[in-house]
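The exercises below are to be worked with the sequence and the three-dimensional structure at hand. Each task is followed by a solution in steps.

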Amino acid sequence: ITDEGLVVYPRTEALYNRPQVDDFDPAERKTLGVEALDAMLGGGVPAWSTTVVLGNSGSGKTLLGLNFLAAGGVRGEAGLYFGFGEPPAELVAKADETGLAFSTHVARGTLKVLWQPPLEVIPDAVAARILQEVDARAVQRLFLDGLEGLEQVAVYPERLTRFITALTTELRARGVTVLLSTETRSRFFAEGGLVPVEVAIVAGTVIQLRQIEIGAHRTKTALSETP
């Protein structure tokens, strides 16, 4: 219910319950903007795929996603950030401080930052907002930052698995390469079974970022798996 009246959002999993035409080159790669990690993945993540970035708070998930978008911006590929954490101005400033020139890409219209405050929200409204932006700007790269944020604010969190499956499948059909981050509870060690069920069935690649202790000092490392 809005000031303009009633707005109806069909369930995403009902609206996109059948796969669209799936015509793409499986050999095409999208660079992540991190040279060593791109090398581990054979040049980057597969185009039109969904990659899950897994890790605890402070492990570098958001920074990796910002690198992914900035790398596309350099190539003239339209990118979209959607997150539940920092407001756009703070996020752009954070990216600029790391040398990614995010504000330049935003000013040119190559990148756009959308923010959803961590309040009660209908996932289907989020999907509609993302897909509308994808169509309006011919977005090729999407970074969905913080699946746990969507789970926390969703009115019906039990729908999340079907919702994520439908949304990422539709994004793939529209030619979008998706990076999706989610948080783990483990701080230092790699553990089995950490990929949430909501994203396990859509993940073409899983990148786990973790903090480890070496000589009483913390450092970061990345593991990757492409089925």
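**Exercise 1. A residue with positive phi**

In which loop is Ala-138 found? Determine also its backbone angle and its accessibility.

*Solution.*
Step 1. The model is predicted. In it, Ala-138 belongs to the loop between α6 and β6, and this residue follows helix α6.
Step 2. The phi of Ala-138 is positive, about 50°, although the residue is not a glycine. Most residues other than glycine have a negative phi.
Step 3. The relative accessibility of Ala-138 is 52%. Exposed means over 50%, so Ala-138 counts as exposed.
Step 4. Ala-101 may be treated in the same manner. Its phi is also positive, about 55°, and it is not a glycine. Ala-101 lies in the loop between α4 (88-97) and α5 (102-108). With a relative accessible area of 35%, Ala-101 is partly exposed.

**Exercise 2. Helix α6 and Glu-133**

Establish the span of α6, then describe the surroundings of Glu-133 within this helix.

*Solution.*
Step 1. Helix α6 covers residues 123-137. Its 15 residues reach 21 Å from the first C-alpha to the last, close to the 21 Å expected at 1.5 Å a residue.
Step 2. Is Glu-133 buried or exposed? The relative accessible area of Glu-133 is 11%. Buried means under 20%, so Glu-133 is buried.
Step 3. Beyond its neighbours within four places in sequence, Glu-133 is in contact with Leu-80, Lys-112, Leu-114, Ala-138 and Val-139. Ala-138, the exposed residue of Exercise 1, is thus named again among the contacts of Glu-133.
Step 4. Other buried residues of α6 include Val-126, Ile-130, Leu-131, Val-134 and Arg-137. The buried residues of the helix pack against α1 (12-15), β4 (79-83), β5 (111-115), β6 (141-145), α7 (147-153) and α8 (160-173).

**Exercise 3. The nonpolar cores**

Identify the residues that touch the most other members of the largest nonpolar core, and the elements that contribute to this core.

*Solution.*
Step 1. The largest nonpolar core has 29 residues, of which Ile-130, Leu-150, Ile-164 and Leu-171 touch the most other members.
Step 2. Two or more residues of this core come from each of β4, α6, β6, α7, α8 and β7 (177-183).
Step 3. A second, separate core of 22 residues includes Leu-69, Ala-70, Ala-95 and Phe-143.
Step 4. Which residues does Ile-130 touch, if those up to four places away in sequence are not counted? They are Leu-80, Phe-82, Leu-142, Leu-144 and Leu-171.
Step 5. In soluble globular proteins, nonpolar side chains tend to be buried together.

**Exercise 4. Helix α8 and Thr-165**

Compare the span of α8 with expectation, and locate Thr-165.

*Solution.*
Step 1. The 14 residues of α8 should span 20 Å at 1.5 Å a residue, and the end C-alpha atoms are 20 Å apart, which agrees.
Step 2. The buried residues of α8 include Leu-160, Phe-163, Ile-164, Leu-167 and Leu-171.
Step 3. Thr-165 also lies in α8, but with a relative accessible area of 23% it is partly exposed.
Step 4. Outside its neighbours within four places in sequence, Thr-165 is in contact with Ile-201 and Val-202. The C-alpha atoms of Thr-165 and Ala-200 are separated by 9.6 Å, the two residues being 35 residues apart along the chain.
Step 5. After α8 comes Gly-175, with a positive phi near 80°.

**Exercise 5. The largest pocket and helix α3**

Describe the lining of the largest pocket, and examine α3 as one of its contributors.

*Solution.*
Step 1. The largest pocket holds about 410 Å³ of space.
Step 2. Its lining comprises 22 residues, and the closest to the centre are Lys-61, Thr-62, Glu-86, Asp-145 and Glu-183.
Step 3. By class, four lining residues are nonpolar, eleven polar and seven charged.
Step 4. At least two lining residues are supplied by each of α3 (61-74), α7 and β7.
Step 5. Twelve of the 14 residues of α3 are buried; among them are Lys-61 and Thr-62.
Step 6. Helix α3 reaches 20 Å between its first and last C-alpha, close to the 20 Å expected. Gly-76, which follows α3, has a positive phi near 80°.

Definitions and conventions. Residues are numbered from 1 along each chain as its sequence is written. This is a predicted model: local features need pLDDT of at least 70, side-chain atom pairs count only at pLDDT 80 or more; totals for chains, interfaces and linings use all residues. Side-chain values use heavy atoms; hydrogens and water are left out. Helices (H or I, at least four residues) and strands (E, at least two) are DSSP runs, numbered from the N terminus. Buried means under 20% relative accessible area, exposed over 50%, partly exposed in between (1.4 Å probe, protein chains only). Contact means heavy atoms within 4.5 Å. The expected span of a helix is 1.5 Å times one less than its number of residues. A nonpolar core is a set of buried Ala, Val, Leu, Ile, Met, Phe, Trp, Tyr and Cys residues joined through side-chain atoms within 4.5 Å. On a 1 Å grid over the protein atoms alone, a cavity is a set of points where a 1.4 Å probe fits but cannot get out, and a pocket is an open set with protein on both sides within 12 Å along at least five of seven lines; lining residues have an atom within 4 Å of a point. Grid points are joined across faces, edges and corners, and a volume is the space filled by probe spheres set on the points. Ala, Val, Leu, Ile, Met, Phe, Trp, Tyr, Cys and Pro count as nonpolar, Asp, Glu, Lys and Arg as charged, and the others, Gly among them, as polar.
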